[in-house]
Amino acid sequence: MKDYSIQTLGRCIGAVLELVLSPLNVKIIFQVSRRRKSSKVPGLGSKVPHDIRQRYVSFFLEEFLKVCATVNEAFGKALKEEKAIYDRCGSKNIYLNIAVNTLKKLRDHSSLSIHGKFLQKGKTDSFTGAALYTLFKEYTLSEEQLKENGFPEPNPEKPGSALLCNRRAKTAASDSFKRVCSRCGGIYTVTSSGRHVRKEECNYHSGKVLRHKVPGGLETRYSCCEGVIGSPGCQVAKLHVHDGRKENMDGFVKTLIKPVPLDGNYGAFALDCEMCYTTHGLELTKVTIVDPSLHVVYDTFVKPDNEIIDFNTRLSGVTAEDVKSTVTSIRDVQAVLLNLFNADTILIGHSLENDLFALKLFHNKIADTSVVFPHRLGLPHKRALKNLVADYLQRIIQDDGKTLLQM
Ligand SMILES: [Zn+2]
Ligand SMILES: [Zn+2]
């Protein structure tokens, strides 16, 4: 690490994050274009399109950076300014009107400031090929970190199988025909082929459990609906689902060792997978791979091996239509990946262990933004990608179909 200046490393962190974000951008563009095509009534909060709001946050940020002492302070102010306008406006036109005027005022103000630009935006264009590979390598996980974060490991006694060693694995129900729903926690019964014995709705909370300080102690509520713990779910799905990934440990492949390339560049790619629930648990249903020039090199829907019971569309963006028209199986995907990657290719992503389990891929050269930027409380806590992006790239990303403005 000593060979690189702080500035160079800073740029590289930016590049790692940009790259992690790139498959996500593909997903967002995909979802937005689909939303435009469908005639669905837009949901709440859509009076001003997301891209317009993001543009003004960036404009405001640019001005605040000239007058604030830290990036965080500038970003906080830019978000606050934009949100105030959004809350005040009744329509897109009023929003634009106020936003343009605010920007003008900020520009007048910051041009008077003597601080000038303090943040030189680093471009990563100067790093390509082997140089970029070498920089990315500084961020790859150690063997210990791979273990700690629950990456799949080959079972030495059973070729093509992964070891069951994730300390965070949920305990499966003891009866092999009983399943624990991974959304609502309810127990349900399945047939020998994994189908539901009774069709029963799943009522669950999509959010996380958050602890708030209140007078006299702590209060725990769900982030989705602010309901108290134990309150009836705010989301309804047709059926219960189970994770199942820790029960399906076969069918894994391992990336192959390749002779040293002439330029020393084994390649680096960002990776993102989507999964849906089948009768056998979570299975791969989409994969997107982007190269360091942010070109999409592989983007495909995948037909799961087992019957789909829930597309998980809210999170994955994948619909029945998408999968109906695909014949690509996970084995086809693995064949492509083994060609594209070798054992020394650096794979970049956020909580990539989930993607590798979905792909059933053993790989050790991993740059994971959930490890590069750890949560201050340590594992199992992880920082959300949207927060990292807001902090380090000063950008707002969409999550769950909603515009997120909180940090
Ligand atoms: Zn809820
Ligand atoms: Zn359920």
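Analyst: A residue is called buried if 20 or more other C-beta atoms lie within 10 Å of its own. The structure discussed here is a predicted model.

User: Which residues of helix α10 are buried?

Analyst: Leu-352, Asp-355, Leu-356, Phe-357, Ala-358 and Leu-359 are the buried residues of α10.

User: What makes α10, residues 352-359, a mostly covered helix?

Analyst: Of its 8 residues, 6 are buried, and on that count α10 is described as mostly covered. Among the elements that cover these buried residues are β8, β9, α9, β12, β13 and β14. Directly after α10 comes Lys-360, with a positive phi near 55 degrees.

User: Why is Val-253 called partly exposed?

Analyst: Val-253 has 18 other C-beta atoms within 10 Å. A buried residue needs 20 or more and an exposed one has 12 or fewer, so a count in between is called partly exposed. Val-253 belongs to strand β7, residues 253-254.

User: Which residues does Val-253 touch, leaving aside those up to four places away in sequence?

Analyst: Val-253 touches Gln-334, Leu-338, Lys-360 and Leu-361. Although Val-253 and Leu-338 are 85 residues apart in sequence, their C-alpha atoms are 8.3 Å apart in space. The contact itself is judged on C-beta atoms, which must lie within 7 Å, so the C-alpha distance does not decide it.

User: How do you know that strand β8, residues 268-278, is mostly covered?

Analyst: The count of buried residues in β8 is 11 of 11. Ala-268, Ala-270, Asp-272, Glu-274, Cys-276 and Thr-278 point one way, while Phe-269, Leu-271, Cys-273, Met-275 and Tyr-277 point the other way. The residues pointing in either direction are all buried.

User: What makes β8 and β12 a pair, and in which sense do they run?

Analyst: There are 3 bridges between β8 and β12, in the parallel sense. Two strands pair if at least two bridges are found between them, so this count meets the requirement. Within this pair, Ala-270 stands opposite Ile-348.

User: How many bridges join β8 to β9, and how many join β8 to β11?

Analyst: With β9 there are 9 bridges, in the antiparallel sense, and a hairpin of 2 residues connects the two strands. With β11 there are 2 bridges, also antiparallel. Since at least two bridges are required, the pairing with β11 still qualifies. Tyr-277 stands opposite Leu-282 in β9 and opposite Asp-310 in β11.

User: How do you know that the buried residues of helix α5, residues 129-137, lie on the same side?

Analyst: The buried residues of α5 include Leu-132, Tyr-133, Leu-135 and Phe-136. These residues cover an arc of only 165 degrees around the axis, which places them on the same side of α5.

User: Where does the largest nonpolar core lie with respect to domain 1 and domain 2?

Analyst: This core has 72 residues, and those with the most contacts inside it are Val-16, Phe-136, Leu-284, Ile-348 and Leu-359. Its largest share, 8 residues, comes from β8. Domain 1 and domain 2 both give residues to the core, so it lies between them. Ile-348, for instance, touches residues including Val-16, Phe-136 and Ala-270. In soluble globular proteins, nonpolar side chains tend to be buried together.

Methods. Residues numbered from 1 in each chain as written. Chains lettered and ligands numbered in written order. Predicted model: local features only at pLDDT ≥ 70, side-chain atom pairs only at ≥ 80, totals over all residues. Helix = DSSP H or I, 4+ residues; strand = E, 2+ residues; numbered from the N terminus. Arc of directions from axis to C-beta. Contact = placed C-beta atoms within 7 Å. Core = buried A, V, L, I, M, F, W, Y, C linked by C-beta atoms within 7 Å. Domains from an automatic or database assignment.
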